[in-house]
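Here is a walk through a protein model, starting with one residue and then stepping back to the whole chain. Have the viewer open as you read.

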Amino acid sequence: MAKIVETDVLVVGAGPAGAISALLLSTYGIRTIMINKYGSTSPGPRAHITNQRAMEILRDLDLEEAAKALAVPQKKMGHVFARSLVDEEFGRIYSWSTHPEAKARHDLASPCAICDLPQYYFEPLITAQCALRGSDVRLRTEYLSHVQDADGVTATLRDLLTGTDYQVRAKYLIGADGARSKVAQDIGLPFEGQMATGDSGSLNIEFTADLSALVQHRPSDMFWLLQTGSGLNGTGVGVLRMVRPWHKWVCVWGYERAKGAPQLSAGQAKAVVQKLIGTDSIPVTIDGMSTWTINQQYASRNSAGHVFCMGDAVHRHSPMGGLGLNTSVQDAYNLAWKLAAVIKGQAGAELLASFDAERSPIAKQIVDYSASTFATLPPMFAALGIPPAPTERDMDLAIKRLKEPTEEAARRRKALRKAIDETIVIFGGGHGVEMNQRYRSGAIVPDGSEDPGFTRDERLFHQPSTRPGAHLPHAWLTSNHRRVSTLDLCGKGRFTLLTGLAGSAWAKDAEEVRRELGVDLRVHIIGPGQPREDAWGDYAAVSGVGESGLLLVRPDMFVAWRAADAADAGSGRLLDVMRTILHAPELRSVAFQLSTKW
């Protein structure tokens, strides 16, 4: 066997979770090897919704503009319900926060906007940056096994080009190897739920066709089309998903799993596509086909010793809600700074336990949320009066009755409108699921405040908070007369302290932290005459502390601790808080008593 290769972190898998992990670690100066058993990044569009949290992470990596240049913007994202593209519509919804009211909430929540960035554009962007920033990126390299000891991991890999096996010695291993994760299997992660649920599977048909004449006047990233066939309630729920306006598409169609995955010829696939378009007069070129099933499974813990799993390896669910890629990116953002701090000797290894404490509950949350959204689809069939396993005649009759000038038809139309509106939970209505994550772990220091809970449905509506464990709220400030977000002051792999003019004394405490712990803690004093000014008063409105108080923000932009005022400035409390968060080897001050009240 070849000589052992050494690195700090070995990342298995080059999908969104793995690639973002490698990119962050390399950006933070950590030696990283990322392997991918395939010869390329994703060959198909796959995931495509890139939400605000994911875009904020790309912004922190200085890649937001590059991502936006590859993406379809929010204004072209919407949903249309019809029988085919050429038939009459059943209705439309303002998906992905495109309704004016939802758009306002969306814009207030973040400096970034949701967009449609298919995975086969996302992955090359990130993977190229991994290599440019120093990651050792190895394609056609397969993970075989690993063994752990007190100091790290020895992994056995296979170079699929030569068939040669070799070993990599790493301090830590990240398993981002997808829904069939061998790394997760090897460390014995316990899973709840099941894979391949339900009687139906889905067929993806990638195709090229210029559909501009049918769609450019009603821009949408998805057209949901109800026809006869396999699917929910025996109704064919077909989807034409835009990949590039308006010529690159994915057709999603159902099949009965009991009959096995369909093996369609190009001609048969073309017939399915033309059925959903509603005409065979538009030239169609079939580019590829694949099948998939609905999963509903999550790991109740995500790590063991020096090995950490993330992304689809620990949360497997349907694409409903567009949460998969985005949650995977956030997993990476949570872990990378912690690994960097431990490897650099700035934190104790106990800090890494917070990855499981913080992210495993999120895995359960999104799997459960995604599964719950399916309940919104059957009411559409009921409102239309479509019987189980309908014939073409049943479908024609349902549409005809919907247009009758009768009280019964009016009730159907009202029920249909309500049913369509309620599908918003599938298509970007879960703004709270995306934005309201609250952490409780050893990497958060409570401030003793009462948990205010949520005033609206926490799944649907974002509610900003600076209570420790919440994500730092976005607020616009000014710098040199130019607009800058509070989020732009944070991140970059470092801790940040935000305070007002009356809290200037905290700067000396921050210097003590830097001197004693060797961490990069940046201080931003916000106020008149400072480099950052609260021109609109937005920061004061959301900060949750007085002008002399502080917010201590982690590298992943979550609030680690806050102080209501400067009463403890100069007492060494900030140093003790940082030691607690980092599990730094120095003993905390005996006089310092942490509140345990969440």
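## Two buried residues

His106 sits in helix α4, which covers residues 100-109. (Helices here are DSSP runs of H or I with at least four residues, strands are E runs of at least two, and both are numbered from the N terminus.) With a relative accessibility of 2%, His106 counts as buried; the cut-offs are under 20% relative accessible area for buried, over 50% for exposed, and partly exposed in between, using a 1.4 Å probe and protein chains only. Leaving out residues up to four places away in sequence, His106 touches Gln52, Gln74, Ser97, Cys112, Ala113, Ile114 and His431, where a contact means heavy atoms within 4.5 Å.

Before going on, a word on where all this comes from. This is a predicted model, with residues numbered from 1 along each chain as its sequence is written. Local features need pLDDT of at least 70, side-chain atom pairs count only at pLDDT 80 or more, totals for chains, interfaces and linings use all residues, and side-chain values use heavy atoms, with hydrogens and water left out.

Now for Ser303, which belongs to strand β17 (residues 303-304). Is Ser303 buried or exposed? At 16% relative accessibility, Ser303 counts as buried. Its contacts, again not counting residues up to four places away in sequence, are Ile187, Leu189, Phe308 and Asp356. Ile174 lies 129 residues from Ser303 along the chain, and their C-alpha atoms are 9.1 Å apart.

## Backbone oddities

Most residues other than glycine have a negative phi, and most peptide bonds are trans. Two residues in this model go the other way on phi, as the table shows.

| Residue | Phi | Loop | Relative accessible area |
|---|---|---|---|
| Arg46 | near 45° | between β2 (32-36) and β3 (49-50) | 52%, exposed |
| His481 | near 70° | between β20 (476-479) and β21 (482-485) | 81%, exposed |

There's a cis peptide bond too: it joins Pro245 and Trp246, with omega at about -15°. Trp246 is placed in the loop between β14 (235-244) and β15 (248-256).

## The whole chain

Stepping back, the protein has 17 helices and 25 strands. Its radius of gyration is 26 Å, close to the 25 Å that the globule rule gives for 598 residues, so the protein is as compact as a globular protein of that length. (That radius is taken over C-alpha atoms, and the rule is 2.2 Å times the number of residues to the power 0.38.) Along the principal axes, the C-alpha atoms fill a box of roughly 80 × 65 × 40 Å.

Of the 598 residues, 55% count as buried. Among contacts with a separation of 6 or more, 74% come from residues 24 or more positions apart. The protein exposes about 24,300 Å², and carbon and sulfur atoms supply 51% of that area, worked out by the Shrake-Rupley method with a 1.4 Å probe.

## How far to trust it

Mean pLDDT for the protein is 93, and 96% of its residues reach 70 or more; pLDDT is the predictor's confidence in each residue, from 0 to 100. Where should you be careful, with pLDDT under 50? Residues 587-598 stay under 50, and the model gives that stretch 30 contacts beyond four places in sequence. Where pLDDT is low, the predicted coordinates should not be read in detail.
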